[in-house]
Amino acid sequence: MVIYSLFLFTCSGLLLPAAAGLVCGDADSLIQGLAAGILLAAAVADQRTREIPPVLNGALLLLGLLRIWLGGVSPGEAVLGSLCVSLPLGLLLSATHGRAIGGGDVKLTAAGGLLVGWRRCVLAFWIGGVLAVLLNAPYLGKEKSGHTVAFGPYLAAGFFLIFLWGDEMLAFLADKF
C-alpha cells in the first residue's frame with residue numbers, strides 16, 4: 001500500500017511541476033519542475049516512513065546529469081555540489097551509525113548537489129537546517145527517548161527555495177559578506 005501511495009503521489013507531484021516547466025518554455029525550468037516533484041515525494045516518504053526511497057534519489061541524480069548535459073550547471077560545479085555536503089554527512093552517518101543522519105538524506109544532498117552545484121547545495125542544506133531547528137524548537141525536550149526528526153522534508157524545502165530564489169539569495173549573501 002505504501003508503494004502504491006508513493007507512486008500516485010509521485011505521479012501527481014510530477015505532473016504539475018512538469019506542466020509549469022513546459023509553460024516557462026525552457027529545459028532548465030522543466031528539469032527543476034520535475035526535481036521539485038521528486039523532492040515533494042521524497043519529503044512525504046521521509047516524513048511518513050523515515051526513509052527516502054532510492055528510486056527518488058536516483059531520479060534526482062538523473063535530472064542532475066541531464067542538467068549538466070544541457071549546460072544548466074558546469075560539470076565541475078555539479079561534482080563539487082554532489083560532494084560538498086554529502087561527504088561530511090556521510091562521515092557523520094558512519095561515525096554515528098545512523099543516529100544523527102540517515103543514508104537517504106546523504107544521498108539526497110549528493111543528488112541535489114549534482115543538480116544545483118556547490119554554492120546552491122550548501123545554501124539549501126543551511127536553509128533546511130534552519131527550518132528544521134525553527135519548526136522543531138517548540139518540541140525540544142518534550143519528545144520521548146529515541147524520537148527522530150525526518151530531515152528529508154527540510155532538505156527538500158531548502159532545495160525547492162533554491163530553485164525559486166537561489167540566484168537572488170546568493171547575490172544578497174555576496175553583498176552582505
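**Note on helix packing, salt bridges and selected residues**

1. Helix 4 (residues 75-84) packs against helix 5 (residues 86-96) at an angle of about 25°, and their axes lie 4 Å apart. Because angles under 35 degrees count as roughly parallel, helix 4 is roughly parallel to helix 5. The structure discussed here is a predicted model.

2. Which residues form the contact of these two helices? Ser 82, Leu 83 and Cys 84 in helix 4 meet Ser 86, Leu 87 and Pro 88 in helix 5. Sorted by character, the residues of this contact comprise 4 nonpolar, 2 polar and no charged.

3. Helix 5 also holds Leu 92. With a relative accessibility of 35%, Leu 92 counts as partly exposed. Setting aside neighbours within four places in sequence, Leu 92 is in contact with Ala 100 and Ile 101. A further distance may be checked in the model: the C-alpha atoms of Leu 92 and Val 106 are separated by 9.5 Å, and the two residues are 14 residues apart along the chain.

4. How many salt bridges does the model contain? The count comes to 3. Each is described in turn below.

5. One salt bridge joins the side chains of Arg 67 and Asp 28, at 2.5 Å from N to O. This pair links distant parts of the chain, since Arg 67 belongs to helix 3 (residues 54-70) and Asp 28 to helix 2 (residues 27-49), 39 residues apart. The two partners fall into separate classes of accessibility: Arg 67 is buried, with a relative accessible area of 9%, whereas Asp 28 is partly exposed, with a relative accessible area of 25%.

6. The surroundings of Arg 67 deserve attention. Not counting residues up to four places away in sequence, Arg 67 touches its salt-bridge partner Asp 28, and also Ile 31, Gln 32, Gly 72, Val 73, Leu 115 and Val 116.

7. Another salt bridge is formed by the side chains of Glu 77 and Arg 119, at 3.0 Å from N to O. Glu 77 lies in helix 4 and Arg 119 in helix 7 (residues 118-136), so this pair ties together parts that are 42 residues apart in sequence. Glu 77 is buried, with a relative accessible area of 16%, while Arg 119 counts as partly exposed at 43% relative accessibility.

8. Helix 7 also takes part in a salt bridge through Arg 120, whose side chain meets that of Asp 167 at 2.2 Å from N to O. Asp 167 lies in helix 8 (residues 152-176), so the pair ties together parts that are 47 residues apart in sequence. Asp 167 is partly exposed, with a relative accessible area of 49%. Arg 120 is partly exposed as well, with a relative accessible area of 23%.

9. Asp 105, in helix 6 (residues 103-116), presents another situation. Asp 105 is buried yet has no salt bridge. Where is the nearest side chain of opposite charge? That side chain belongs to Arg 50 and is 8.9 Å away. A salt bridge requires a side-chain nitrogen of Lys or Arg within 4 Å of a carboxyl oxygen of Asp or Glu.

10. Which residues does Asp 105 touch, not counting those up to four places away in sequence? Asp 105 touches Asp 46, Ile 52, Phe 151, Gly 152 and Leu 155.

Definitions and conventions
Residues are numbered from 1 along each chain as its sequence is written. This is a predicted model: local features need pLDDT of at least 70, side-chain atom pairs count only at pLDDT 80 or more; totals for chains, interfaces and linings use all residues. Side-chain values use heavy atoms; hydrogens and water are left out. Axes are lines fitted to C-alpha atoms, for helices over the stretch in contact, and angles run from 0 to 180 degrees between N-to-C directions. Angles under 35 degrees count as roughly parallel, over 145 as roughly antiparallel, 65 to 115 as roughly perpendicular and the rest as oblique. Contact means heavy atoms within 4.5 Å. Ala, Val, Leu, Ile, Met, Phe, Trp, Tyr, Cys and Pro count as nonpolar, Asp, Glu, Lys and Arg as charged, and the others, Gly among them, as polar. Buried means under 20% relative accessible area, exposed over 50%, partly exposed in between (1.4 Å probe, protein chains only). Lys and Arg count as positive and Asp and Glu as negative; His and the chain ends are not counted.
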